[in-house]
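Work through the exercises below with the structure in view. Try each task before you read its solution.

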Amino acid sequence: MVAATFVPLGYIVSTLVSTGWHETAELVFRPRVGELLRNTAELVVLTVPICVVLGVGLAWIVERTNVPGAAWWGPIFAAPLAVPAFVNSYGWVSAIPSMHGLWAGVLVATVSYFPLVYLPAAATLRRLDPAVEESARALGSGPVAVFARVVLPQLRLAVLGGGLLISLHLLAEYGAFAMIRFDTFTTAIFEQYQSSFAGAAGSTLSGVLVVLCLVLLAAEAGVRGRARYARVGGGAQRGANRIQLGLGRIPMFLVLTGALAATLGVPLWTIGRWLKIGGAAVWDTGAIGESLVQTLGLAATAAVITTLCAFPVAWIAVRSGSRFARIIEGANYITSSLPGIVIALALVTVSIRWLPGLYQTAATILAAYTLMFLPRALVSVRAGLAQVPVGLEEASQVLGISPAATFFRVTLRLTAPAAAAAAAMAFVAVATELTATLLLAPNGTRTLAMQFWQLSGELDYAAAAPYALIMIIASVPVTYLLFTQSRKAAGL
């Protein structure tokens, strides 16, 4: 698995080596690269803090207050991950045709990616020991002080991991920014690959993306440190008491409603408008049904594989502070920062040259999904494992329980909420993935995202609307079931 992680990076390195240092230097040190670097840096610096504030704030409101409908807001705020960023971009551009540039990119990226902070933050809040917060209140601390001094430090892993994931997705996103005419490294890479397929310029820009990823990884690792986040003891065997908002329930509810309108309301309104224009003629039930079955099959399989692969990597990262552990963990983030087209081209090259039997098979596309979305699962699983006291595992083994049985009886049960969130994020990511699927899907594969992109590319927005709507709807029940199971596993 570790070796497979380095395949896309090896593809870039081999291309750069064959290009030569002189030509590579000319491609890197030019004004265009400086412009792309500024745009990308501004996008990350502005978007990530907004997503962190929004994700943590919504998670706290939903999990810790008596806001109306709290039981339903959890899965609802995971649903925006089911809306592809390029669909969000089109929805906002349709509503506000003048939208373009940096702040348009920040808006689209925020409504698309804030759940990457919300989901792990909500899962962590459900697992925190309420007795610690109650002790702080008994000592005279108010709700704001308790949140800042007790709760927020324990959300450190979730916030840093979610922020890192958002940063990496901003580096790799293409469709959303192309639609609002905002140039980043990835839009430039796509332009290069469209003109020369596997040219040196595109690989050079991909190499710059890898360097940016390394900078982000180093920053996240430095801020994260090596602090432990597990409970010292068993903790209180109950959930935290919800804060009674009183008259504040109304403004809090309006905040949640406003966030829902911005994240799901705008794209759904746009889709509904096109469905009304197209009428019954756009509902090709045969083609839509086939695309839905293929999408659900690929997404479910990839979600299971990705979550299972995340466990050993997260285990090494949490239980070991060695350099090897950091390399294994960091390699996954580096790969996910690359645009889907780069990962797809790397796998195409490898399969054609050395493993021709795997070319255009389900195994190849599932491998691409795992490489692309493993960090999404890794962040949640790592946060869950970090909260599992090592003492419980050691006590289990002292009582004669084998390490394997200890993992299933103790570790896996305690990390179930985080694993559920990981599977949910992987599922919706695969269900809405486009670029790698276009290149790697076996003959006859037509996912919902592929059909939407093809029809919208033909400017048949009415015919594309059903596929966009089903992509959004399909994720809601799956995410709700995962949230339900995670709450049962946590005893809530």
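## Exercise 1: Leu254

Leu254 sits in helix H15, which covers residues 249–278. The model is a predicted one.

Task: Decide whether Leu254 is buried or exposed.

Solution.
- Step 1. Take the relative accessible area of Leu254, which is 54%.
- Step 2. Recall the cut-off: exposed means over 50%.
- Step 3. Leu254 is therefore exposed.

Task: Find the separation of the C-alpha atoms of Leu254 and Phe373.

Solution.
- Step 1. Go along the chain: Leu254 and Phe373 are 119 residues apart.
- Step 2. Now go through space: their C-alpha atoms are separated by 33 Å.

## Exercise 2: Two positive phi values

Task: Place Arg181 in the chain, then describe its phi and its exposure.

Solution.
- Step 1. Arg181 belongs to the loop that links helix H12 (175–179) and helix H13 (185–196).
- Step 2. Its phi is near 60°, a positive value, and the residue is not glycine.
- Step 3. The relative accessible area of Arg181 is 56%, so Arg181 is exposed.

Task: Do the same for Gln360.

Solution.
- Step 1. Look in the loop between helix H18 (340–353) and helix H19 (362–386); Gln360 is there.
- Step 2. Phi of Gln360 is near 55°, again positive in a residue other than glycine.
- Step 3. Gln360 has a relative accessible area of 28%.
- Step 4. Buried means under 20% and exposed over 50%, with partly exposed in between. Gln360 is therefore partly exposed.

## Exercise 3: The whole chain

Task: Which secondary structure elements does the chain contain, and how many?

Solution.
- Step 1. Count the helices: there are 25.
- Step 2. Count the strands: there are 0.

Task: Test the chain against the rule for a compact globule.

Solution.
- Step 1. For 492 residues, a compact globule would have a radius of gyration near 23 Å.
- Step 2. The chain has 23 Å, so the two agree.
- Step 3. Add the spans of the C-alpha trace along its principal axes: about 65 × 55 × 45 Å.

Task: What share of the residues is buried, and what share of the contacts joins residues at least 24 apart?

Solution.
- Step 1. Of the 492 residues, 55% are buried.
- Step 2. Take contacts between residues at least 6 apart in sequence; 84% of these join residues at least 24 apart.

Task: Describe the exposed area and the charges.

Solution.
- Step 1. The chain exposes about 20300 Å², and carbon and sulfur atoms supply 68% of this area.
- Step 2. There are 30 positive and 20 negative side chains.
- Step 3. The centres of these two sets lie 11 Å apart.

Conventions:
Residues are numbered from 1 along each chain as its sequence is written. This is a predicted model: local features need pLDDT of at least 70, side-chain atom pairs count only at pLDDT 80 or more; totals for chains, interfaces and linings use all residues. Side-chain values use heavy atoms; hydrogens and water are left out. Helices (H or I, at least four residues) and strands (E, at least two) are DSSP runs, numbered from the N terminus. The radius of gyration is taken over C-alpha atoms; the globule rule is 2.2 Å times the number of residues to the power 0.38. Buried means under 20% relative accessible area, exposed over 50%, partly exposed in between (1.4 Å probe, protein chains only). Contact means heavy atoms within 4.5 Å. Accessible areas come from the Shrake-Rupley method with a 1.4 Å probe; for residues, only the protein chains shown count as cover. Lys and Arg count as positive and Asp and Glu as negative; His and the chain ends are not counted. The place of a charge is taken as NZ of Lys, CZ of Arg, CG of Asp or CD of Glu.
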